[in-house]
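Let's take a friendly walk through a protein structure, one region at a time. Keep the 3D view open as you read.

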Amino acid sequence: MPVEINPALVRHIAELARLELDDQLIQRLASDLAEILAYVERLDELDTESVQPMAHALDLTDVFADDVPGPCLERQEALANAPKKDGEFFLVPAVL
Amino acid sequence: MSQAVPYTIVIGLEVHVQLLTRTKLFCRCPTTFGAPPNTQTCPVCLGLPGALPVMNRRAFELALRTAVALQCRIPPRTKWDRKNYFYPDLPKGYQISQYDLPLATNGYLEIADPAGRFAPKPIRIRRAHLEEDAGKSLHDEAAGVADSRIDLNRAGTPLLEIVTEPDIRSPLEAKTFLSELKLLLLYLEVSDCNMQEGSLRVDANINIHIPTASGMVATPIVEVKNMNSFRAVERALQYEAERQYVEWQATGLTKENAPKQTRGWDDQAEVTVAQRRKEESSDYRYFPDPDLAEVTIPAHQIERLRDEMGELPGALRKRLEQQYGLDAYASDVLVNQGKAVVAYFEQVARQCGDARRAANWIQQDVLRVLNERHIGIEQYPVAADELAELLRQVGDGQLITSRAREVLERMVQRGEKLEQAIAALGIQSVSSNQLRELCRQLVEANPRIAADVRAGKRQAVGALVGQAKKRNPNVNPAEVQRICLELIEQSE
Ligand SMILES: [Zn+2]
């Protein structure tokens with residue numbers, strides 16, 4: 001069932017993705033997204049009547065690891081890519 | 001049960017339980033509580049590009065064991081989904097959780113109140129699923145610090161989320177359900193259920209149904225968070241039900257015309273406070289996690305778990321009542337103390353031959369010491385066979401109850417063995433010959449008392465019992481009375 005891609009929906013998705021978009025870009029993305037979805041919807045033409053629904057593309061199940069501790073990163077390494085840190089913690093703009 | 005309020009309370013609970021694994025759900029970082037911040041992380045739990053999650057076998061088994069114990073329906077296969085939202089303690093931008101194929105649905109847990117404040121009832125379990133925890137955000141509200149600090153040690157820790165149907169009808173039932181669930185989880189050894197360390201967290205959904213002239217009215221559902229003890233849950237729900245009633249009287253808002261709200265419990269102020277939440281945040285755009293394979297659950301695995309499960313609290317309470325003749329209250333007290341106390345009781349009961357005496361002594365004397373010292377039965381200084389021997393001697397009449405309590409006290413305080421404690425207290429068991437001789441002397445020396453007894457004043461024999469105890473504190477008063485009466489009647 002095709003979804004109508006209107007500017008309000010694009011704005012909602014952008015909000016969820018924490019993207020700030022101006023009105024002009026929203027207009028353009030709306031038509032881009034509509035085109036992309038129309039393209040993907042061509043898959044609906046396939047007859048899947050006799051195909052089992054699946055949650056995964058690989059024919060693979062039950063992949064487990066044993067509950068045995070392995071190595072961790074050094075803290076300095078773990079924090080290395082953070083834009084802001086204090087040597088112990090990641091620092092982020094105040095939440096709550 | 002009757003309530004003094006003009007409405008029905010409707011409560012459903014969401015419980016997050018941290019499973020007792022050594023490592024995280026999808027990586028092999030340890031889950032040790034209290035490690036220095038950000039020392040238990042790796043590319044997987046930091047959400048670094050290219051890292052791949054692999055399911056912890058033990059976490060899955062513990063979750064499944066719980067699902068079986070909660071009598072849930074377990075599907076032949078289950079999968080994991082990404083729950084997408086942004087928060088600084090969620091490095092990947094999504095939480096790996098389970099959406100439409102959870103590993104358990106349609107279970108139940110029975111609750112009852114030995115004090116009879118509500119009738120026993122099953123609380124239905126809507127679903128249980130396995131998911132990863134987020135990290136911790138620390139907010140330094142003082143000192144005007146602008147940044148929040150993030151510790152990702154906890155990110156990726158395995159959680160079992162258990163969701164009930166809205167079957168709970170009072171804050172007391174909610175508290176009872178949580179106690180029973182916690183007890184079950186402890187018996188199953190799937191979690192340590194330590195609320196202080198966040199191993200067990202509770203959110204509650206609550207509203208009230210009010211009968212009116214135009215039919216039943218339901219208030220808007222409120223999700224209550226930040227409850228840090230079972231006591232806090234009870235109090236928060238009590239407060240919230242009343243608050244909703246007052247608000248409905250003022251505004252008339254109902255479930256139909258007002259949205260669901262989130263409120264946090266303030267333990268100091270004893271009120272719930274509205275929390276701000278963006279409407280968008282409930283749009284999680286779940287989709288199957290392509291990095292994780294499905295897990296199949298063959299019937300024989302469920303059978304095996306059922307076989308290995310051992311006795312669970314509900315069945316154990318009934319067995320203690322039937323096998324040992326305990327009343328419901330006593331079996332409840334013992335079972336609620338955990339498996340180790342029950343094992344201790346059963347050994348004492350078997351070896352001393354009097355289960356009710358064993359239950360009484362454990363409830364009164366043993367549990368008091370455990371509570372005072374904050375220790376488990378494993379650290380209790382008196383072994384089960386020693387307590388059993390002590391109680392056997394009480395049962396035989398070799399030791400009177402008051403002296404036996406002194407003996408136990410000494411064993412607990414000084415760590416003495418039974419024989420040592422008895423000797424140290426100068427208790428010597430009185431042989432039946434000695435006892436008879438003592439009674440004979442007393443009867444002979446007190447002809448007036450003997451005469452009174454013969455004249456029908458049987459209580460006069462009490463004076464002889466008093467004298468006997470003075471001469472030898474180890475005599476059994478009931479025995480002295482019996483023998484003296486017998487001698488007086490014979491000498492008639
Ligand atoms: Zn990790």
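Before we look inside, one term is needed: two residues are in contact when heavy atoms of theirs lie within 4.5 Å. Please also keep in mind that this is a predicted model.

**Inside the protein**

With that term in hand, turn to B:Y344. Setting aside neighbours within four places in sequence, B:Y344 is in contact with B:I362, B:V366, B:I377, B:Y380, B:V382, B:A383, B:A384 and B:L387. B:Y344 also belongs to the largest nonpolar core, which has 123 residues. The residues with the most contacts inside this core are B:Y344 itself together with B:L13, B:F177, B:F345, B:Y380 and B:L387. Which helix gives the largest share of this core? That is helix α2 of chain B (residues 171-188), with ten residues. Both domain 1 (8-300) and domain 2 (311-424) of chain B give residues to this core, so the core lies between them. There is also a second, separate core of 20 residues, and B:L435, B:A460, B:I483 and B:C484 are among its members.

One of the contacts of B:Y344 deserves a second look. B:A383 is found in the loop between α8 (355-373) and α9 (384-396) of chain B. Is B:A383 buried or partly exposed? With a relative accessible area of 39%, B:A383 is partly exposed, because the range for that label runs from 20% to 50%. From B:A383 to B:L188 the separation is 195 residues in sequence and 25 Å in space, C-alpha to C-alpha.

**Where two domains meet**

Chain B is assigned domain 1 (8-300), domain 2 (311-424) and domain 3 (432-490). The C-alpha centres of domain 1 and domain 2 of chain B are 38 Å apart. Their contact takes eight residues from domain 1 of chain B and 13 residues from domain 2 of chain B. How much area is buried between domain 1 and domain 2 of chain B? The value is about 790 Å², and carbon and sulfur atoms give 67% of it. On the side of domain 1 of chain B, the three residues B:P114, B:L183 and B:Y187 supply 70% of the area buried against domain 2 of chain B, more than any other three residues.

**The zinc site**

Now find the zinc ion. Its protein donors are the SG atoms of B:C27, B:C29, B:C42 and B:C45, which lie 2.3 to 2.4 Å from the ion. The angles among the four donor atoms are 98 to 116°, and the site is tetrahedral. Along the chain, the donors follow the spacing C-x1-C-x12-C-x2-C. B:C29 and B:C45 both lie in the loop between β1 (8-18) and β2 (55-56) of chain B, so the pair ties together parts that are 16 residues apart in sequence.

**Two unusual backbone angles**

The loop between β1 and β2 of chain B also holds B:N38. B:N38 has a positive phi of about 55° although it is not a glycine. In chain A, A:D62 has a positive phi too, near 55°, and is likewise a residue other than glycine. A:D62 sits in the loop between α2 (23-40) and β1 (64-65) of chain A.

Here is how accessible some of these residues are:

| Residue | Relative accessible area | Label |
|---|---|---|
| B:C29 | 0% | buried |
| B:C45 | 7% | buried |
| B:N38 | 0% | buried |
| A:D62 | 28% | partly exposed |

Methods:
Residues numbered from 1 in each chain as written. Chains lettered and ligands numbered in written order. Predicted model: local features only at pLDDT ≥ 70, side-chain atom pairs only at ≥ 80, totals over all residues. Heavy atoms only, no water. Core = buried A, V, L, I, M, F, W, Y, C linked by side-chain atoms within 4.5 Å. Buried < 20%, exposed > 50% of the residue type's maximum accessible area, 1.4 Å probe, protein only. Helix = DSSP H or I, 4+ residues; strand = E, 2+ residues; numbered from the N terminus. Domains from an automatic or database assignment. Donors = N, O, S within 2.8 Å, 3.2 Å for Na, K, Ca; no water. Tetrahedral: all angles 85-135°; square planar, octahedral: opposite > 155°, others 65-115°. Buried area = accessible area lost by both parts, 1.4 Å probe.
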